[in-house]
Amino acid sequence: MERVRIGIIGCGKISSIYFKNCKAFSSALEVVACADLNVARAQASAEEHGISKAYSVEELLADPDIDLVINLTIPAAHSSVCIQALEAGKHVYVEKPLAVTREEGQEILAAAKRKGLLVGSAPDTFLGGGIQTCIKLIQDGWIGTPVAASAFMIGKGHEHWHPDPEFYYALGGGPMFDMGPYYLTALVALLGPIQRVTGSAKISYPERTITSEPKFGSKINVETPTHIAGVLDFHSGAIGTIITSFDAFGGSQLPRIEIYGSEGTLSVPDPNTFGGPVSVRRHDAKEFSEIPLTHGYADNSRGLGVLDMAFAIRNGRMNRANGDLAYHILEAMHGFHDASKEGKHYIMQSSCEKPKPMPGNLVKGILD
């Protein structure tokens, strides 16, 4: 297959794994350029990862040799950079969330449709061996008919470890927009699209103190809810519950995700990872049993969604971690906040197709 030529915009902390894995997927991907608002940082990344071109953002978007842009900017810039890339005639894959607001997300999808281009978005962890094994177990009837699910992402905030934690407490941040995409995308991959949501959300601590370097002692004014408890009704009939929180300073022992079915319970691995463990307890069993993974890509395979997108571009199909899925998740996250403010269910206006399962026994770097 002719390789898809990649330009990466945003050379911050998350970019390293994309550079590494795009190189590992070199049968289908070729990173030809990178860019950052700080051109010196782009140059440093280019040297470190053997990339020939270090650009300003404008220069990268103008390069005709680039087919697809990976947008790794902060959430507030996701929409503007995605739309600029699409208007420049390039497919775009963006880190989560798709955008900060629903209106921005809709603008991205409209621009892609108008230009005849694909949009992809993280997370792509649901394409890994762990969750793909869970999807197969459900399809094969191991837990019968799924009737309910629970998801928990509970911990303390990023000011304890991140060097620049401020944006996690601004609009588009918080535990729902930071980590919710992993959990909600996994639930949609397992159970299908969401019909309605409701929930309660609050700002527990209006001010946070940074205890990480280099900003130790600085204060953050919190602008977005930091503890959200939600309920989801899926079109399939299953009911889900989710808690995302930056307010549990003592941590939690709750499971990441469990799916409850008519014949048993499925324990789903951390959706922020690609691997296991996966375990099942059937209705007639005394305890959970770990299930060997049925699919590959169980290591840190961030960028797998980009690889899938490359095959989609070359073979004329829809990519799995696509814009419709990402927008559906974005709308649901806003729906929890809206439901809390208004004291009622939020009815989802969007839907999406349940992502097509990954094939088993894949050769690394080859998806079709």
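**Exercise 1. How many of the 12 residues of helix 9 are buried?**

*Solution.* Start with the ground rules. This is a predicted model, where local features need pLDDT of at least 70, side-chain atom pairs count only at pLDDT 80 or more, and totals for chains, interfaces and linings use all residues. Residues are numbered from 1 along each chain as its sequence is written, and side-chain values use heavy atoms, with hydrogens and water left out.

Step 1. Find the helix. Helix 9 covers residues 304-315. Helices (H or I, at least four residues) and strands (E, at least two) are DSSP runs, numbered from the N terminus.

Step 2. Apply the cut-off. Buried means under 20% relative accessible area, exposed over 50%, and partly exposed in between (1.4 Å probe, protein chains only).

Step 3. Count. Nine of the 12 residues are buried, and helix 9 is mostly covered. Among them are Leu304, Val306, Leu307 and Phe311.

Step 4. Look for the partners. The buried residues of helix 9 pack against several elements, including strand 1 (4-9), helix 1 (15-24) and strand 2 (29-35).

**Exercise 2. Check the span of helix 10 against the span expected at 1.5 Å a residue.**

*Solution.* Step 1. Take the rule. The expected span is 1.5 Å times one less than the number of residues.

Step 2. Compare. Helix 10 (residues 323-342) has 20 residues and should span 28 Å; its end C-alpha atoms are 28 Å apart, which agrees.

Step 3. Inspect the ends. At the N-terminal end, Asn322 is the cap: a side-chain oxygen of Asn322 lies 3.1 Å from the backbone nitrogen of Asp324. Just after helix 10, Gly343 takes a positive phi of about 70°.

Step 4. Judge the surroundings. Helix 10 is largely enclosed by the rest of the structure, because 16 of its 20 residues are buried.

**Exercise 3. In which sense does strand 11 pair with strand 8 and with strand 12?**

*Solution.* Step 1. Two strands pair if DSSP finds at least two bridges between them.

Step 2. Strand 8 (residues 194-202) and strand 11 (residues 227-234) are antiparallel, over eight bridges. Here Ala201 stands opposite Ile228.

Step 3. Strand 11 and strand 12 (residues 239-245) are also antiparallel, over seven bridges. Ala229 stands opposite Ile243.

Step 4. Check the hairpin of strand 11 and strand 12. Four residues lie between the strands, and Gly237 takes a positive phi near 105°.

Conventions. Contact = heavy atoms within 4.5 Å. Polar contact = N/O pair within 3.5 Å; in protein donor to acceptor, adjacent residues only side chain to side chain.
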